[in-house]
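Trainee: I would like a close look at one part of this model, set in the context of the whole chain. Please take the strands and how they pair.

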Amino acid sequence: LLASSAASDVYKRQVIEVTNTEVYVTDNNSRNFTYINGNRLFPNNKNILVDGDELTLADQKFEVSICR
C-alpha cells in the first residue's frame, strides 16, 4: 500500500476521525506536513474532509471519497 518511505513515517502522525456526519484529519506534527487541496494544515488542528478533496501526506496524494 505504501509506495514511499517518507509517507509511511507520516502516516504514523495522522489521525482520521469519522463521526456520524463528518470526516476529519489531524496532522500531529508530521515531518513532511499534511495538505488538503494544496493548503498546508496547522499541526494538532482538526480539519474537515469533504468528498472530492485531495489529501496529501508527504509525497502521496489521495482523493477523498465519502459515501453516505
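What share of the contacts in the protein chain with a separation of 6 or more is accounted for by residues 24 or more positions apart?

Mentor: The model is a predicted one. Residues 24 or more positions apart account for 26% of the contacts in the protein chain with a separation of 6 or more.

The chain as a whole gives the setting. The protein chain has one helix and seven strands, and its elements run α-β-β-β-β-β-β-β from the N terminus on. Of the 68 residues in the protein chain, 32% are buried. The accessible surface of the protein chain is about 4700 Å², and carbon and sulfur atoms hold 48% of that surface.

Now the sheet that contains β1. Three strands form an open sheet in the order β1-β2-β5, and their pairing is antiparallel. The edges are taken by β1 (14–18) and β5 (46–49); each has a single partner strand, so one side of each is left without a neighbour in the sheet. From one strand to the next, the twist averages 30°.

Within this sheet, β1 and strand β2 (residues 23–27) run antiparallel and are joined by five bridges. V18 stands opposite V23 in β2.

Strand β2 also holds T26. The relative accessible area of T26 is 12%, and a residue counts as buried under 20%, so T26 is buried. Not counting residues up to four places away in sequence, T26 touches R13, Q14, V15, N44, N45 and K46. Among these contacts of T26, Q14 and V15 fall within the range of β1 (14–18), and K46 falls within that of β5 (46–49). As a general point, side chains in a regular strand alternate between the two faces of the sheet.

The other pairings to follow involve β3, β6 and β7. Strand β3 (residues 34–36) runs antiparallel to strand β6 (residues 54–57), with three bridges joining them. T34 has L57 as its bridge partner in β6.

From β6 the path can be followed to strand β7 (residues 60–63), which pairs with β6 in the antiparallel sense over four bridges. Here L57 appears again, with Q60 as its bridge partner in β7. L57 is thus a bridge partner of T34 and of Q60. The hairpin of β6 and β7 has two residues between the strands, and in this hairpin A58 takes a positive phi near 55°.

Terms used: Residues numbered from 1 in each chain as written. Predicted model: local features only at pLDDT ≥ 70, side-chain atom pairs only at ≥ 80, totals over all residues. Heavy atoms only, no water. Pairing = 2+ DSSP bridges. Axes fitted to C-alpha atoms, helices over the stretch in contact; angles between N-to-C directions. Buried < 20%, exposed > 50% of the residue type's maximum accessible area, 1.4 Å probe, protein only. Contact = heavy atoms within 4.5 Å. Areas by Shrake-Rupley, 256 points an atom, 1.4 Å probe, with all protein chains shown as cover.
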